[in-house]
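Please open the structure in your viewer and keep the selection tool at hand. The tour moves from one selection to the next and says, at each stop, what is to be found there.

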Amino acid sequence: MLDALLSGLMLLVPAGTALTPPLPVHNASALVWAVSSTLADVIVIASEGPFVFTTSILTSAGPTALLVERNVTIEAASGVSAVLDAAASDADPRRVLTVAGGASVEVRGVQLIGGVSTEWGGGARVEPGATLRLVDSAV
């Protein structure tokens, strides 16, 4: 009976409201895992940085530290100085962030540093059909 009652209800959620609770992360590997999972629409950098990336994810556009293939917000916790550092070099190039086609990503209060790429810059790459919105952030 409860199923019958619930099937006719429609959930009204204001635009921009996350449907899952924010997911705090405390290091680079946890951030890589969080953006690849679907547990949260908002990921919160909860520890002082920098978050240093020492490995690359290979993409068709070159290596990247962080590959985002879904809609997500990555934001600094209140009072946290959030820095994502690709720790790249000419010998070991990688971008800090790549946003895959179809994904919409918002980055709030985060600095992206240390990226090196042989083409199109080392900070962030936004593939065709993707969007990246930077709010109080620097690349």
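A residue is called buried when its relative accessible area is under 20%, exposed when that area is over 50%, and partly exposed in between. Select Ala 87 to see the definition at work: with a relative accessible area of 37%, Ala 87 is partly exposed, because this value falls between the two cut-offs. The residue sits in the loop between S7 and strand S8 (95–99), and its phi is near 50°, which is a positive value in a residue other than glycine. Such a value deserves a second look, because most residues other than glycine have a negative phi. Now move to Asp 136, in the segment after S12, where phi is again positive and near 50°. Asp 136 counts as exposed, at 74% relative accessibility.

**Confidence**

Before going further, colour the chain by pLDDT, since this is a predicted model. The protein chain has a mean pLDDT of 88, with 86% of its residues reaching 70 or more. Where in the chain is confidence lowest, and where is it highest? The lowest mean, 42, belongs to helix H1 (residues 2–7), while the highest, 98, belongs to S9. If you select residues 1–13, you have a stretch over which pLDDT stays under 50, and for which the model has 1 contact beyond four places in sequence. Where pLDDT is low, the predicted coordinates should not be read in detail.

**Helix H2 and the core**

Next, select helix H2 (residues 28–36) and show its side chains. Ala 28, Leu 31, Ala 34 and Val 35 are buried in this helix. If you look down the axis of H2, these buried residues fall within an arc of 120°, and therefore they line one face of the helix. Turn to the other side of H2, and you will find Ser 29 and Ser 36 exposed. The buried residues of H2 pack against several strands, among them strand S1 (23–25), strand S2 (42–45) and strand S5 (62–68).

Keep H2 visible and add the largest nonpolar core, which has 28 residues; those with the most contacts inside it are Leu 31, Ile 45, Phe 51, Leu 66 and Leu 84. The elements that give two or more residues to this core are H2, S2, S5, S6, S7, S8, S9 and S10, and H2 gives the most, with 4 residues. To look at one member in detail, select Phe 51, which, leaving aside residues up to four places away in sequence, touches residues including Val 25, Ala 28, Leu 31, Ile 45, Val 83 and Leu 84.

**Strand S10 and its neighbour**

Now select strand S10 (residues 110–113). Which of its residues belong to the covered face, and which to the uncovered one? Val 110 and Leu 112 make up the covered face, whereas Gln 111 and Ile 113 make up the uncovered one. In a regular strand the side chains alternate between the two faces of the sheet. Add S7 to the selection: S7 and S10 run parallel and are joined by 4 bridges, and Val 83 stands opposite Gln 111 in S10.

**Salt bridges**

The last stop concerns charged residues. Side chains of opposite charge can pair when their charged atoms come close. How many salt bridges does a search of the whole structure find? The search finds 3.

Begin with Asp 92 and Arg 94, which form a salt bridge whose closest N and O atoms are 3.3 Å apart. Asp 92 is partly exposed, at 34% relative accessibility, whereas Arg 94 is buried, at 2%.

Then select Glu 106, whose side chain meets that of Arg 108 in a salt bridge with an N to O distance of 2.3 Å. At 17% relative accessibility Glu 106 counts as buried, while Arg 108, at 32%, counts as partly exposed. Glu 106 also meets Arg 133 in a salt bridge, at 3.0 Å from N to O. Because Arg 133 lies in strand S12 (residues 131–135) and Glu 106 in strand S9 (residues 104–108), this pair ties together parts that are 27 residues apart in sequence. Arg 133 is partly exposed, with a relative accessible area of 47%. Show Glu 106, Arg 108 and Arg 133 together to finish, as salt bridges that share partners join these residues into one network.

How values were computed:
Residues are numbered from 1 along each chain as its sequence is written. This is a predicted model: local features need pLDDT of at least 70, side-chain atom pairs count only at pLDDT 80 or more; totals for chains, interfaces and linings use all residues. Side-chain values use heavy atoms; hydrogens and water are left out. A salt bridge is a side-chain nitrogen of Lys or Arg within 4 Å of a carboxyl oxygen of Asp or Glu. Buried means under 20% relative accessible area, exposed over 50%, partly exposed in between (1.4 Å probe, protein chains only). pLDDT is the predictor's confidence in each residue, from 0 to 100. Contact means heavy atoms within 4.5 Å. The arc is that of the directions from the helix axis to the C-beta atoms. Two strands pair if DSSP finds at least two bridges between them. A nonpolar core is a set of buried Ala, Val, Leu, Ile, Met, Phe, Trp, Tyr and Cys residues joined through side-chain atoms within 4.5 Å.
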